[in-house]
Amino acid sequence: MKENIIPHTYQISLQDRRKANNHNSLLLWFTGLSGSGKSTIANVVEQKLFQQGIKTYTLDGDNIRKGINKDLTFAPEDRTENIRRIAEVSNLMIDAGLVVLAAFVSPYKKDRQNIRSIVKDANFVEVYINTSVEECERRDVKGLYKKARSGEIKNMTGISAPYEAPENPDIEIKTENESIEEAVQKILNYIKPILNI
């Protein structure tokens with residue numbers, strides 16, 4: 001069946017889209033425990049980029065699981081498929097010339113490595129939102145840790161399921177020591193040369 005799939009060659013290229021947008025496209029991948037601050041920081045980064053005329057789009061765990069990945073559970077193999085699909089969607093958005101901000105726990109190193117291979121290394125920026133499980137549990141914005149402790153939630157990353165922290169992230173944010181403003185500035189300083197703005 002796969003031998004019958006023949007990609008069509010279109011006339012507008014990625015370079016054309018980037019030139020029209022006046023900036024490069026890339027994937028900013030925010031990884032960290034639930035409640036670490038991924039979505040909060042990604043949201044502010046997107047606002048700052050948008051204010052500068054950068055074409056952006058944010059993909060977020062809860063939103064994706066209500067739509068394109070609503071058929072997936074939190075079992076390890078489904079987590080892997082969840083991340084693979086998001087990487088493929090991100091790759092299309094990069095090709096469309098956008099700066100994609102993706103905020104996902106993405107607990108497994110092999111899955112994050114797979115994202116890098118799908119979107120290509122040059123288009124991938126890994127942002128590790130390094131917040132201790134104790135601090136995330138103290139914040140417990142969505143009440144998930146309380147539910148996990150009481151046994152209502154199985155496979156909760158950091159409690160009953162592992163989180164494999166990035167060893168060499170492009171950017172590491174320690175939210176217990178850095179403010180949101182400092183984190184956002186650190187990310188913007190890193191990506192501006194890549195975006196060519």
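**Exercise 1.** Work out how the residues lining the largest pocket of this predicted model divide by class, and which elements supply them.

*Solution.* Start with the classes: the lining divides into 14 nonpolar, 13 polar and nine charged residues. Next, look at the space they surround, which is about 730 Å³. Then find the centre: of the 36 lining residues, Ser34, Gly35, Lys38, Val105 and Lys142 lie nearest to it. Finally, turn to the elements that give two or more residues to this lining: helix H2 (38–51), helix H3 (61–66), helix H4 (76–95) and helix H8 (180–195). H2 gives the most, with four residues.

**Exercise 2.** Find the cavities of 30 Å³ or more in the whole structure, and describe the lining of the largest cavity.

*Solution.* Begin with the search, which turns up one cavity at that cut-off. The volume of the largest cavity is about 30 Å³. Now list its lining: Ser34, Gly35, Asp140, Val141, Lys142, Leu144 and Tyr145. Sort these by class and you get three nonpolar, two polar and two charged residues.

**Exercise 3.** Trace the open sheet and explain why strands S2 and S5 each have one side left without a neighbour.

*Solution.* First write down the order of the five strands, S2-S3-S1-S4-S5, with parallel pairing. Now check the edges: S2 (56–60) and S5 (171–174) stand there with a single partner strand each, so one side of each has no neighbour in the sheet. From one strand to the next, the twist averages 15°. To finish, take the pair S1 (residues 26–31) and S4 (residues 124–130): they run parallel and are joined by five bridges. Leu28 stands opposite Val125 in S4.

Methods: Residues are numbered from 1 along each chain as its sequence is written. This is a predicted model: local features need pLDDT of at least 70, side-chain atom pairs count only at pLDDT 80 or more; totals for chains, interfaces and linings use all residues. Side-chain values use heavy atoms; hydrogens and water are left out. On a 1 Å grid over the protein atoms alone, a cavity is a set of points where a 1.4 Å probe fits but cannot get out, and a pocket is an open set with protein on both sides within 12 Å along at least five of seven lines; lining residues have an atom within 4 Å of a point. Grid points are joined across faces, edges and corners, and a volume is the space filled by probe spheres set on the points. Ala, Val, Leu, Ile, Met, Phe, Trp, Tyr, Cys and Pro count as nonpolar, Asp, Glu, Lys and Arg as charged, and the others, Gly among them, as polar. Two strands pair if DSSP finds at least two bridges between them. Axes are lines fitted to C-alpha atoms, for helices over the stretch in contact, and angles run from 0 to 180 degrees between N-to-C directions.
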